Amino acid sequence: MKISPMRPFSGLLLALPLALAGTAPASAQVPLQTSEEVDRIVAVAQDSIILLSQLRERELQLELNGAPLPSDSAARREARRQILDQMVNEQLVIQAALQDSTIQVNDEQLDEQVRQDVDARIQRAGGQTAFQRILDDQDLSLQAFRDMLKQDARAQSLQQQYMAKQQRTVRVAEVDESEMRAFFDANRGQLQRRPATITFRQIIVEPSPSEEADSLALQKADSLYFALLEGADFEEVARRWSDDPGSKQLGGDLGWFKRGSGFVREFEDAAFELFSGQVSPPIRTQFGYHIIKVDRVRGPERKARHILIGFNLGADDDTRARALADSLLVRARAGESVKELADTYGSEELPDSLTTTQDQLSSLPLGYAAALGNASAGDVVGPIRLANGGQNAYAVVQVVEIREEGDYTFADLESNIRQRLTQEKVLEELMRSLRERSYVEIRM
């Protein structure tokens, strides 16, 4: 019997102990262990042991999450064995990750993750007092609870990093169509109805600075850069002069980040060319000129600050952008490719195509719902005025497809199913290889 036929790819990741599901009502709390459970070892995984009490914690957590063990004794034994196998796999992955010196866990990120997690649990519990009662029922202090959360978050991070690294080297047989269709048929009954959707392409036109505005921004950035070279404090300069509202009051602090974290390409390339303590000359992006300082380097991560000197865009710049959007609307309606026009004139940082459910149109920036609410496939509408970072931008939108609500078809999910089954094969091969070279003993 499968515990969950729709289990996620991250099935190897540690599930949280029962106590961490702290929003359950007190009546649902169950003792985590008994004295006779503590001493019984049910599995050995290389250098770790798994106790019966730990297995019971996992079972109770599944029960509170709506997945109780089956009542049939044979099916129950099989389900418990699957849970125990997963726990063994988790321990083997963690041990392998700890032996890999390239895998590092960021304590600052873990602390922030725990803070957000605790805040969310307090809110779900109905406030600090109600949440403390839950902890009291588990005989836990808030600090002990935070420590448990951090320990589990650390384990999850180790597992995720190790599996992501190893998956790049694993080769498995390709998933064929018969496997995908069998998976689709087996899980068809669990699928929800496909919502009504609309797919559209768009050209986002943003105002660009005049030569004079560009030159003035560069002159100001250059003067600050030379002041920094002469010993000015980076944080103080950022607080006084930076135009980035998100980091200005933090002294330009952007925290830790890796490549692909959402920064524009020019900024990212410059940041990853710097060593710890270095400051870049002004780097131009669509937002203005950035001066970047890398505070620390840790493997593929950077902890950096920046000072942004934005362009002083005026009414003339907005007028030019609107005129360009109007001309692109005419060209698109005349039959020119919206994709090619977007590649030439559109913003590089905003999506040029999007599929969204009809009921989520209202969650898009103002203007989309009104323009697309009654549109038909093939229509080109706009320009839609958008507010982007305090400046106007304009969208010319072509409706590609409108789909009514209905059942999901195999074609709808084919690529997702292929990805999922391929991932499962990779994980199975990784765990087979890891268990072959590890000592594992099951004692139940």
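Which strands does helix H9 lie across, and at what angle does H9 run to E7? Helix H9 (residues 234-241) lies across E6 and E7 and runs at about 40 degrees to E7. Helices here are DSSP runs of H or I with at least four residues, strands are DSSP runs of E with at least two, and both are numbered from the N terminus. Angles run from 0 to 180 degrees between N-to-C directions, with axes being lines fitted to C-alpha atoms, for helices over the stretch in contact.

A quick word on the model: it is predicted, so local features need pLDDT of at least 70 and side-chain atom pairs count only at pLDDT 80 or more, while totals for chains, interfaces and linings use all residues. Residues are numbered from 1 along each chain as its sequence is written, and side-chain values use heavy atoms, leaving out hydrogens and water.

Now for the sheet behind H9. Strands E4, E7, E6 and E5 form, in that order, an open sheet of four strands with antiparallel pairing; two strands pair if DSSP finds at least two bridges between them. Strand E4 (253-257) and E5 are at the edges with a single partner strand each, so each has one side without a neighbour in the sheet. From one strand to the next, the twist averages 40 degrees. Helix H8 (residues 211-229) also packs on this sheet, where it touches E5, E6 and E7, and its direction makes about 35 degrees with that of E6. Contact means heavy atoms within 4.5 Å.

Going strand by strand, E5 (residues 283-285) and E6 (residues 288-298) are antiparallel and share three bridges. Arg284 sits opposite Tyr289 in E6, and a hairpin links E5 to E6 through two residues. E6 and E7 are antiparallel too, with 10 bridges. Val297 has Arg302 in E7 as its bridge partner, and Arg298 has Glu301 in E7. The hairpin of E6 and E7 has two residues between the strands, and Gly299 in this hairpin takes a positive phi near 60 degrees.

Glu301 deserves a closer look. It belongs to strand E7 (residues 301-310). Is Glu301 buried or exposed? Glu301 is buried, at a relative accessible area of 10%; buried means under 20%, exposed over 50% and partly exposed in between, using a 1.4 Å probe and protein chains only. Leaving aside residues up to four places away in sequence, Glu301 touches Asn106, Gln109, Trp256, Phe257, Lys258 and Arg296.

Another open sheet has three strands in the order E2-E1-E11, again with antiparallel pairing. Strand E2 (48-51) and strand E11 (440-442) are its edges, each with a single partner strand, so one side of each has no neighbour in the sheet. Here the twist averages 20 degrees from one strand to the next. Four bridges tie E1 (residues 41-45) to E2, and Ala43 stands opposite Ile50 in E2. Helix H3 (residues 73-98) lies across E1, E2 and E11, at about 35 degrees to E1.

Lastly, helix H12 (residues 338-345) has Val338, Leu341 and Ala342 as its buried residues. They span an arc of only 100 degrees around the axis, which puts them on the same side of H12; the arc is that of the directions from the helix axis to the C-beta atoms. Exposed residues Glu340 and Thr344 are on the face turned away from that buried side. At the start of H12, a side-chain oxygen of Ser337 comes to within 3.3 Å of the backbone nitrogen of Lys339.

How values were computed
A polar contact is a pair of N or O atoms within 3.5 Å; within protein, one must be able to donate a hydrogen and the other to accept it, and residues adjacent in sequence count only if both atoms are side-chain atoms.
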